[in-house]
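Colleague: I'm new to reading models like this one. Please pick one part of the surface, go over it closely, and then show me how the rest fits around it.

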Amino acid sequence: MAAGYIINRGVLTFGIHCQRVCRSVLHVQVREKKRWMKTYMYLMAKKLRIEGPPPPKPRWQQPNWDYHAEVAAFSSRLHENFSLEVLKAAFINPCYVQMEQERRQELGVDSETMALALKDNIQLSRKGDDFTKSFLTDFCRASFPSLPEDGVESLVGHLTSPAIVTYVARNLGIEDLTMSAEFPVPDDVLHSTFMAVTGALQESSGAERTGIFLRDFLVSQLIGKDLFDLWTVVNPMGLLVEELTKRNLPLPEPRLLRSAGASTVLPLYFVGLYSDKKLLAQGPGETLVAAEEEAARVALRKIYGYTENRRPFDFSPQLLPQRTLLQSVSQ
C-alpha cells in the first residue's frame with residue numbers, strides 16, 4: 001500500500017514538472033524566409049529592369065563543356081561517319097580565328113613562337129555550298145521533270161535560303177558547336193557553318209551519304225509548301241498558254257461555273273478552264289480575274305506534278321538514284 005502511494009506521488013510530481021518545463025518553451029512558427037530576402041529580391045528585380053538581362057554566353061564558355069565529346073556526340077547523333085578533325089575545322093569560322101589573333105596580340109603573345117593552329121572553314125563551306133546546290137537542282141529535276149528551270153531555281157533558292165538553312169542548323173545543334181566571334185551566331189555565319197558541315201560530310205563519307213543527309217534535312221522542308229508560294233509567277237494564264245502550246249494543245253477557255261453573293265461585299269466566283277472541251281482546272285476568287293488566275297495556277301500544278309495529293313517524297317533509308325549522284329559530283 002505504501003509502495004503504491006509512493007509510485008503515484010512520484011508520477012504526479014513528474015507530471016507537474018513536465019507542465020512547468022513545457023510552459024517555459026516558446027513554439028514559434030518558422031516560414032524559412034530570411035528578413036533580408038525581400039529587400040534583396042526587390043533590389044535584384046529593380047536592377048534587372050534598369051540594366052536589362054545579361055548578355056547570352058555561348059555554350060563553350062559555360063562550365064561542364066567538353067568540346068571533343070560534343071563534336072563526337074554530334075556525329076553519332078546524326079548517324080553519320082564524320083572525320084572528327086575535318087568536322088572540328090568545319091565549325092571554326094574566319095571571324096573566330098581573327099578574334100583569337102587579336103586577343104593574343106593584346107596579351108603580348110608572340111605569333112611566331114606560338115602560332116595559332118586553327119584552320120577556318122572557308123574551303124569546306126564553298127565545297128558544301130556547291131554540292132548542295134547541284135544536288136538539290138538534280139533532285140528537283142528528277143522529282144518534277146515537267147517543272148521549268150525558273151521553278152527549279154526557285155525551289156533550290158528557297159531550300160538554300162538563310163532562313164531555311166539556319167532553321168535546320170539550329171535544330172541540329174550546330175549553333176552550340178559553332179566557333180564564332182559573335183553570339184548569338186549571325187545567320188550568315190550559321191549558314192556558312194552548315195555548308196561547311198556538308199562539305200565535311202562529303203570529304204568523310206562521300207557523295208552518297210551527303211545526298212541522303214541533304215534529302216532528309218533540306219528537301220523535307222518542301223513538305224506542306226505550295227509551289228507558287230516559293231515561285232512567284234506574275235502572269236499564270238500566260239505561262240499556262242505557253243505550256244499548252246508546247247504540248248500542242250488548244251488554248252484554255254475560261255468559263256464561269258458558279259457564283260454566290262455577287263451583289264454583296266463578299267462575292268465568290270468559280271471559274272473553270274477548258275481545253276479541247278475538257279475541264280483542265282477550276283479555281284475560286286472574289287473577282288472573275290482572281291478566279292481565272294487561281295484556276296490557271298491549279299492547272300499549272302497539275303501539269304508540273306506539284307499538286308497537294310501528289311505522291312510524297314520517299315525518305316526511306318535506301319540508296320539515292322545513281323543518276324542524280326553522278327550529276328551532282330560531276331558539276
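Modeller: Sure, let's begin with the word "patch". A residue can join one if it has over 30% relative accessible area and no salt bridge, and nonpolar side chains are linked up when they lie within 5 Å. Keep in mind that this is a predicted model.

Here's our patch: Trp36, Met37, Tyr40, Met41, Tyr42, Leu43 and Met44 make a nonpolar surface area of about 740 Å². Let's zoom in on Met44, which sits in helix α2, residues 37-51. Its relative accessibility is 36%, so Met44 counts as partly exposed. That value is also over the 30% that a patch member needs.

Now step back to the whole protein. Its accessible surface is about 21,300 Å², and carbon and sulfur atoms own 55% of that. Of its 331 residues, 37% count as buried. The chain is built from 15 helices and three strands. What share of the contacts with a separation of 6 or more links residues 24 or more positions apart? The figure is 61%.

Leu218 gives you a good look at such contacts. You'll find Leu218 in the loop between α11 (207-217) and α12. Its relative accessibility is 0%, so Leu218 counts as buried. Leaving out residues up to four places away in sequence, Leu218 touches Thr132, Leu136, Leu159, Ile164, Val168 and Phe194. Take Leu159: 59 residues separate it from Leu218 in sequence, yet their C-alpha atoms are 6.2 Å apart. Another loop residue is Ser161, between α7 (149-159) and α8 (162-171). Ser161 has a relative accessible area of 18%, which means it is buried. From Ser161 to His191 you count 30 residues along the sequence, but 8.6 Å in space, C-alpha to C-alpha.

Strands have buried residues too. Ser275 belongs to strand β2, and at 5% relative accessibility Ser275 counts as buried. Again leaving out residues up to four places away, the contacts of Ser275 are Leu249, Pro250, Leu251 and Leu280.

What about links between side chains? There are zero disulfides in the structure. Looking at two cysteines, Cys95 is partly exposed at 27% relative accessibility, while Cys140 is buried at 2%. Salt bridges, on the other hand, number 13. In one of them, Arg103 pairs with Glu100, with their closest N and O atoms 2.8 Å apart. Both residues lie in helix α5 (residues 94-107), three residues apart, about one turn of the helix. An α-helix has 3.6 residues a turn, so residues three or four places apart point the same way. The two partners differ in exposure: Arg103 is partly exposed at 43% relative accessibility, but Glu100 is buried at 9%.

Helix α6 (residues 122-143) has a similar story. Asp129 and Lys133 are four residues apart there, so about one helical turn separates them. Their side chains meet in a salt bridge at 3.5 Å, N to O. Asp129 is buried at 19% relative accessible area, and Lys133 is partly exposed at 40%.

Arg255 and Glu253 form a salt bridge as well, with the closest N and O atoms 3.4 Å apart. Here Arg255 is partly exposed at 41%, and so is Glu253 at 43%. Some salt bridges share partners, and in this way Asp226, Glu294, Arg297 and Arg301 are joined into one network.

Arg297 and Arg301 bring us to helix α14, where both are buried. The other buried residues of α14 are Ala291, Ala295, Ala296, Val298, Ala299, Leu300 and Tyr304. What do the buried residues of α14 pack against? Their neighbours are two helices, α12 (227-230) and α13 (236-246), and two strands, β2 (268-275) and β3 (278-285). You've met β2 already, as the strand that holds Ser275. The helix α14 itself runs over residues 288-304, 17 in number, and spans 24 Å from first C-alpha to last, close to the 24 Å expected at 1.5 Å a residue. Right after α14 comes Gly305, with a positive phi near 75 degrees.

Note on methods. Residues numbered from 1 in each chain as written. Predicted model: local features only at pLDDT ≥ 70, side-chain atom pairs only at ≥ 80, totals over all residues. Heavy atoms only, no water. Patch = residues over 30% accessible without salt bridge, like charges linked within 9 Å, V, L, I, M, F, W, Y side chains within 5 Å. Areas by Shrake-Rupley, 256 points an atom, 1.4 Å probe, with all protein chains shown as cover. Salt bridge = Lys/Arg side-chain N within 4 Å of Asp/Glu carboxyl O. Buried < 20%, exposed > 50% of the residue type's maximum accessible area, 1.4 Å probe, protein only. Expected span 1.5 Å × (residues − 1). Contact = heavy atoms within 4.5 Å. Disulfide = S-S within 2.5 Å.
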